[in-house]
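Reader: I would like a close look at one part of this model. Please take me through the surroundings of the ligand.

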Amino acid sequence: MLKRFSKRVWSWLDTRIGFTDMIKPVAEHLVPRDARWWYVFGSATLTAFVIQVFTGVALAFSYVPSAAHAYATLQFISNQAVFGRFMRALHYYGASAMVLMVGLHMAQVFLFGSYKYPRELNWVSGSLLLLFTLVMGFTGQLLRWDQTGVWSVVVAAAQAARVPIIGHWLARFTLGGDTVGGATLSRFFAIHVFVMPALLFAFIALHLVLVLRHGISEPPNPGLRPDPKTYQRQYEELMKKTGVPFWPDAAWRDVVFSAIMIAGIVGMALVFGPPALGKPPDPSIIAADPRPDWYLLWYFAVLALLPHGTEHWFMVLAPLAVGFLLILLPLVFPRGERSPRRRPWAVGLVLMVVLMIGTLWRQGEVSPWSPNFDVKPLPAQVVGTAGGPIAQGARLFYEKGCINCHLIAGHGGRRGPDLTNVGSRLSRNEIILRISNGGINMPAFAGTMTPEEMNQLADFLLSRKVGVTSQHLTIP
Ligand code: HEC
């Protein structure tokens, strides 16, 4: 009864709207029989995008994009809202998955030479989708509106401002003014939920239309160099002879792989939860860890590792050059050998990129250019005494966040100078002056410390002398 009724409703709707006419040719279009597991990354990217849309809309229900409320609403989402924590985590790992899948998809398309004739524009539209995805990642980070998010943007804007010629304009455009504030947040929110999603939807649609129009590329045969004059006819013949319908013959692999990916995202979300919310942003606190999420971290590492003075040019020119080369690639090499077995340079290039990003990523994790927030108080054998002003000073050194930027006998961060032997280098007055006034990249502590605390810190630092400290250096 119910079944018959729903069948009639469906057929009524279908005759009027034409679902079947639309879906059938798409679902049943012929694809190469031997397009197997290598071809699943594109659909997985799409799946990740769909997850982002749903979790993103769910988050937007509770999120207030204003400087006064953003942090509080995120705390609400993380701690009180039903499934809020889970949604944030899904959105975070979904973003990671999407970036990862885009990378794998591009590597596969590149290695198989699938970007060649007639699919050049598939590649170009895909390259733009990569850009939009990365912009989503970057703008999404600021929406957390915690110290990390805000400082990532401050760092990015400071870098942008140093770009030759257009720097100031670029920084002002990024921040929506001269400093990070409500206008920055509104701007990033608009980009993150309106501009980029609209572009993503449009270009994903275009990308899929092109995929359907040209069909999925057949796995390359070493030695076979498709000729644009005959390629289309050959492809059609191949499909007629050995092609299989996309649904269900080929699509089940996409479904299986996407399901594994979703399980991975859900698993990570349940086990690890969303990235911890940092402290609320406070312009007077420099002691934040301006480290972007992992897929952008390696690029920050590049900027930090470049010789001083070159990074301004590199910052704009390198992404432009990479984008330019990506778009140029299919236009310059539209024909010729497709098989990775006959294109060792292509395989080498992919390996090199993976290796480079991997190493830089590692560098970014341990790099000295931002404070180290994963530190413990100084061990007793480094301090050398358990009581008195020196021990008090050592405690303050940890509590006031000095240790996040300064190294003592191998413990702490590397943002500022190593203070292991500072007692041999500076006098009490110099030390107190520096702590009170701060310096380049060091906050001033005059307003947040009592004279007594200042003296205890000085006592502690003065006890850090060559020869005195080295005897405590049991394990560096
Ligand atoms: C955000 C990172 C950061 C924090 C937090 C920080 N410093 Fe610094 N510190 C620096 C930097 C960077 C320099 C070098 C500044 C310069 O040369 O202008 C520096 C310089 C110093 C110097 C001079 C070292 C020398 O060899 O000339 C002393 C002493 C010092 N800091 C002590 C402290 C103490 C004590 C605290 C905690 C109350 C602290 N710092 C907190 C980054 C930091």
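Author: Here is a walk around the ligand, followed by a short look at a cavity. This is a predicted model: local features need pLDDT of at least 70, side-chain atom pairs count only at pLDDT 80 or more, and totals for chains, interfaces and linings use all residues. Residues are numbered from 1 along each chain as its sequence is written, and side-chain values use heavy atoms, with hydrogens and water left out.

Start with the shell. The ligand is surrounded by 21 residues, each with a heavy atom within 4 Å of it. The closest are Cys-402, Cys-405, His-406, Arg-425 and Met-442. Two of these place polar side-chain atoms by the ligand. For His-406, such an atom lies 2.8 Å from a ligand nitrogen. For Arg-425, the distance is 2.6 Å, to a ligand oxygen.

Helices contribute too; here a helix is a DSSP run of H or I with at least four residues, numbered from the N terminus. At least two shell residues come from each of α17 (402–405), α19 (428–437) and α20 (451–462). By type, the shell holds 13 nonpolar, 5 polar and 3 charged residues. Ala, Val, Leu, Ile, Met, Phe, Trp, Tyr, Cys and Pro count as nonpolar; Asp, Glu, Lys and Arg count as charged; the others, Gly among them, count as polar.

Now the cavity. Its lining includes Lys-116, Tyr-117, Pro-226 and Arg-335. Lining residues have an atom within 4 Å of a point on a 1 Å grid where a 1.4 Å probe fits but cannot get out. The lining divides into 5 nonpolar, 1 polar and 2 charged residues.

Definitions and conventions:
1 Å grid on protein atoms, 1.4 Å probe; cavity = no way out; pocket = protein on both sides within 12 Å on 5 of 7 lines; lining within 4 Å. Polar contact = N/O pair within 3.5 Å; in protein donor to acceptor, adjacent residues only side chain to side chain.
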